[in-house]
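Biologist: Before we discuss the charged contacts, could you show me the chain, so that I can ask how each label was reached?

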Amino acid sequence: INDLLTLASTDARFQPEPALTAIEPALTEVLDFVRPLASEKSVLIEIEEIKADWTVWAAGDVLKTIFINLVGNAVKFTPQGGNVRIGIDVDPASITFQVVDTGIGIPEEEMDNLWGEFFRASNARQAGIQGTGLGLAIVKRLVENAGGQIRVESKEGVGTRFSVRLQRKQE
């Protein structure tokens, strides 16, 4: 139900007003939330240094929702003993976040469906990994509503890399 409500709220008409939002507090809150599951699965989470003054043009709750879906999925779809890395590239106009995992990956023939509502990859269903199939549809809408871009690279059985580029100031 929460995912459905969040999906409905991704309509730009219902979005909070964007503002310069600090990355570090949003990501710290998300990491505090996902670390217990990562610890339970012995999944190592590595993160590059984030400077306190790094901000992006997005509402704070939007940033947290993007992070919780991408980092949460990375942990959820990474088997016991794997790792998740959060990288950050900064330039004067934007900040790009990468969430890279050593998870189950996405079958190549299913990549075109990845952003669709209720889509769940066949290997995730076969592995019995729970989910609604709404998280990535939510993330894509939020990123695009904030004027950003999202990309994905994945290889089944090897892992996945999501890259999200957000502006550092209002365009």
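Biologist: Why is E48 called partly exposed?

Modeller: The model is predicted, and in it E48 has a relative accessible area of 35%. Buried would require under 20% and exposed over 50%, so a value of 35% places E48 in between, as partly exposed.

Biologist: What makes the contact of E48 with R85 a salt bridge?

Modeller: The closest N and O atoms of E48 and R85 are 3.8 Å apart, and because the cut-off is within 4 Å, the pair qualifies. E48 sits in the loop between β2 (44-47) and β3 (55-57), whereas R85 belongs to strand β4 (residues 83-90), so the bridge ties together parts that are 37 residues apart in sequence.

Biologist: And how do you know whether R85 is buried or exposed?

Modeller: R85 has 27% relative accessibility, which again falls between the limits of 20% and 50%, and therefore R85 counts as partly exposed.

Biologist: What makes E117 and R141 a salt bridge?

Modeller: Their closest N and O atoms are 2.4 Å apart, which is within 4 Å, so the rule is met. E117 lies in the loop between β5 (94-101) and α4 (122-126) and R141 in helix α5 (residues 135-145), so parts that are 24 residues apart in sequence are tied together.

Biologist: Which residues are linked with D61 in a network of salt bridges?

Modeller: E29 and K64 are linked with D61 in that network. For D61 and K64 the N to O value is 3.7 Å, and the two are three residues apart in helix α3 (residues 60-76), separated by about one helical turn.

Methods
Residues are numbered from 1 along each chain as its sequence is written. This is a predicted model: local features need pLDDT of at least 70, side-chain atom pairs count only at pLDDT 80 or more; totals for chains, interfaces and linings use all residues. Side-chain values use heavy atoms; hydrogens and water are left out. A salt bridge is a side-chain nitrogen of Lys or Arg within 4 Å of a carboxyl oxygen of Asp or Glu. Helices (H or I, at least four residues) and strands (E, at least two) are DSSP runs, numbered from the N terminus. Buried means under 20% relative accessible area, exposed over 50%, partly exposed in between (1.4 Å probe, protein chains only).
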